[in-house]
Amino acid sequence: MKTNNMSLNIFKTRIKQGFTGNSRLISYIVFLFIGLASFIWFLIRVIPKPSRINYPCVRASAPWAATFIIYIAGLTTSVFSFNKFRQHFRFSNYFKGLLFLAVALFSAFLTIPFEQNRAFSGVTEIKADVNNPIGVAKGIFPGRVVWVYDPYATDETCTNTAGDYWFQNTDSVVVEKMLSRGIRQLAGKNNLAAAWNDLFVYFNQMHGKGSIGYQPGEKIYIKINLTTSCCGSWSNQTEKITWLEHMDATPQLCLALLKHLVNVVGVAQSDIYLGDPFRRFHNVYWNMLHPQFPDVHYMDGNG
């Protein structure tokens with residue numbers, strides 16, 4: 001029998017043990033694909049900037065990536081060790097042969113799925129009773145979540161094509177009213193200025209600054225998501241001419257927030273920074289925000 005026969009037989013055995021039907025075969029293939037993709041994603045995100053290891057997307061991919069690596073390492077090591085075991089026994093080197101056999105069995109053990117349909121998932125299930133959420137509630141009203149909906153904020157007939165993109169079919173007036181309603185409900189106040197003041201007071205209390213609202217001169221940085229500005233075609237590095245159908249932060253909501261901070265809270269434009277430090281702040285946002293708030297610092301990955 002050839003040496004490679006052992007590897008082939010082990011692989012066939014793992015196939016039989018891992019799944020008995022099409023559903024398990026699909027699960028096995030999905031696991032390999034997701035595991036490899038998660039490992040690549042983890043490397044791409046963490047190697048250039050190690051602090052990203054705390055990002056939710058990286059933390060979500062880490063269990064899959066780790067499980068995939070353990071599985072591949074276990075399978076490879078078991079095949080290698082079985083081959084070494086056969087070679088040493090062939091030349092009567094029984095002690096080394098038994099050591100390699102032990103390593104092979106242990107490595108093979110790591111690749112065995114112990115829970116049907118949950119093998120290699122790397123996911124820990126957390127259950128919470130109804131009305132008994134997990135974690136510590138925070139906020140002015142601990143645990144309060146505000147949801148604001150207005151069907152007139154957007155045009156449902158939007159085709160998301162040239163001249164009719166999502167950002168061209170969002171009503172700034174309606175969006176500003178929605179933000180105002182959400183802030184007032186979150187703080188439990190009927191007056192918008194009082195609601196914003198309570199939010200700043202709560203923030204300062206939590207950061208050891210006392211029971212005070214916003215103080216002139218304090219800086220505010222608003223980090224928005226401009227994820228899809230990484231791609232597409234550009235003119236002069238600032239005007240985005242393709243990928244416009246892909247949605248990022250809504251510019252009308254950014255405008256409404258600036259209006260609140262400047263006109264209601266009284267924050268100086270020069271004390272506000274808005275943008276995405278990893279992407280480009282392009283013309284769709286600049287053309288809407290800069291004319292009304294020219295002294296705000298609009299930041300992006302290019303500075």
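This tour moves through the structure selection by selection and states what is found at each stop.

The model is a predicted one, in which local features need pLDDT of at least 70, side-chain atom pairs count only at pLDDT 80 or more, and totals for chains, interfaces and linings use all residues. Residues are numbered from 1 along each chain as its sequence is written, and side-chain values use heavy atoms, with hydrogens and water left out.

**Whole chain**

Begin with the full chain in a cartoon representation. Its secondary structure comes to eight helices and five strands; helices (H or I, at least four residues) and strands (E, at least two) are DSSP runs, numbered from the N terminus. The order along the sequence is α-α-α-α-α-α-β-β-β-α-β-α-β. Of the 303 residues, 32% count as buried. Here buried means under 20% relative accessible area, exposed means over 50%, and partly exposed lies in between (1.4 Å probe, protein chains only).

**Strands S4 and S5 with helix H8**

Select residues 272-276, which form strand S4, and add strand S5; the two run parallel and are joined by four bridges. Strands are taken as paired if DSSP finds at least two bridges between them. Within this pair, Asp276 stands opposite Asp300 of S5.

Now add residues 283-289, helix H8: together with S4 and S5 this helix makes a right-handed β-α-β unit. The crossover is called right-handed if, with the strands pointing away from the viewer, the path from the first strand over the helix to the second runs clockwise.

Display the side chains of residues 297-300. In a regular strand the side chains alternate between the two faces of the sheet. In S5, Tyr298 and Asp300 point to one face and are buried, whereas His297 and Met299 point to the other face and are not buried.

**Salt bridges**

Which side chains meet in salt bridges? A search of the whole structure finds four such contacts, each being a side-chain nitrogen of Lys or Arg within 4 Å of a carboxyl oxygen of Asp or Glu. Three of them are visited here, among the four found.

Select Lys259 and Glu176, whose side chains form a salt bridge at 3.5 Å, N to O. Lys259 lies in helix H7 (residues 251-265) and Glu176 in helix H5 (residues 172-187), so the pair ties together parts that are 83 residues apart in sequence. Glu176 is partly exposed, at 26% relative accessible area.

Next, select Lys189 and Asp198, where the closest N and O atoms of the salt bridge are 2.5 Å apart. Lys189 is partly exposed, with a relative accessible area of 32%.

Then select Asp271 and Lys219, which meet in a salt bridge at 2.6 Å, N to O. This pair links distant parts of the chain, 52 residues apart: Asp271 is in the loop between H7 and S4, and Lys219 is in the loop between helix H6 (192-206) and strand S1 (220-223). Asp271 is buried at 9% relative accessibility, whereas Lys219 is exposed at 55%.

**Cysteines**

Select Cys158, Cys230 and Cys231. A disulfide is a covalent bond between the sulfur atoms of two cysteines; the criterion applied is a pair of cysteine sulfur atoms within 2.5 Å. By this rule the count is zero. Cys158 is partly exposed at 25% relative accessibility, and Cys230 is partly exposed at 44%.

**Loop residues**

Cys231 is in the loop between S1 and strand S2 (234-235). Add Trp243: the C-alpha atoms of Cys231 and Trp243 are separated by 7.3 Å, and the residues are 12 apart along the chain. Trp243 lies in the loop between strand S3 (239-240) and H7. Its phi is near 65°, a positive value in a residue other than glycine.

Move to Asn160, in the loop between H4 and H5. Asn160 also is not a glycine, and its phi is positive at about 55°.

Ile140 is placed in the loop between helix H4 (94-110) and H5. Its C-alpha atom is separated by 7.3 Å from that of Leu199, 59 residues apart along the chain.

**Nonpolar patch**

Finish with Leu36, Ile40 and Ile44, shown as a surface. These residues make a nonpolar surface patch of about 260 Å², and Ile44 is found in helix H2 (residues 22-46). Patches are made of residues with over 30% relative accessible area and no salt bridge; like charges are joined within 9 Å, and nonpolar side chains (Val, Leu, Ile, Met, Phe, Trp, Tyr) within 5 Å. Accessible areas come from the Shrake-Rupley method with a 1.4 Å probe, and for residues only the protein chains shown count as cover.
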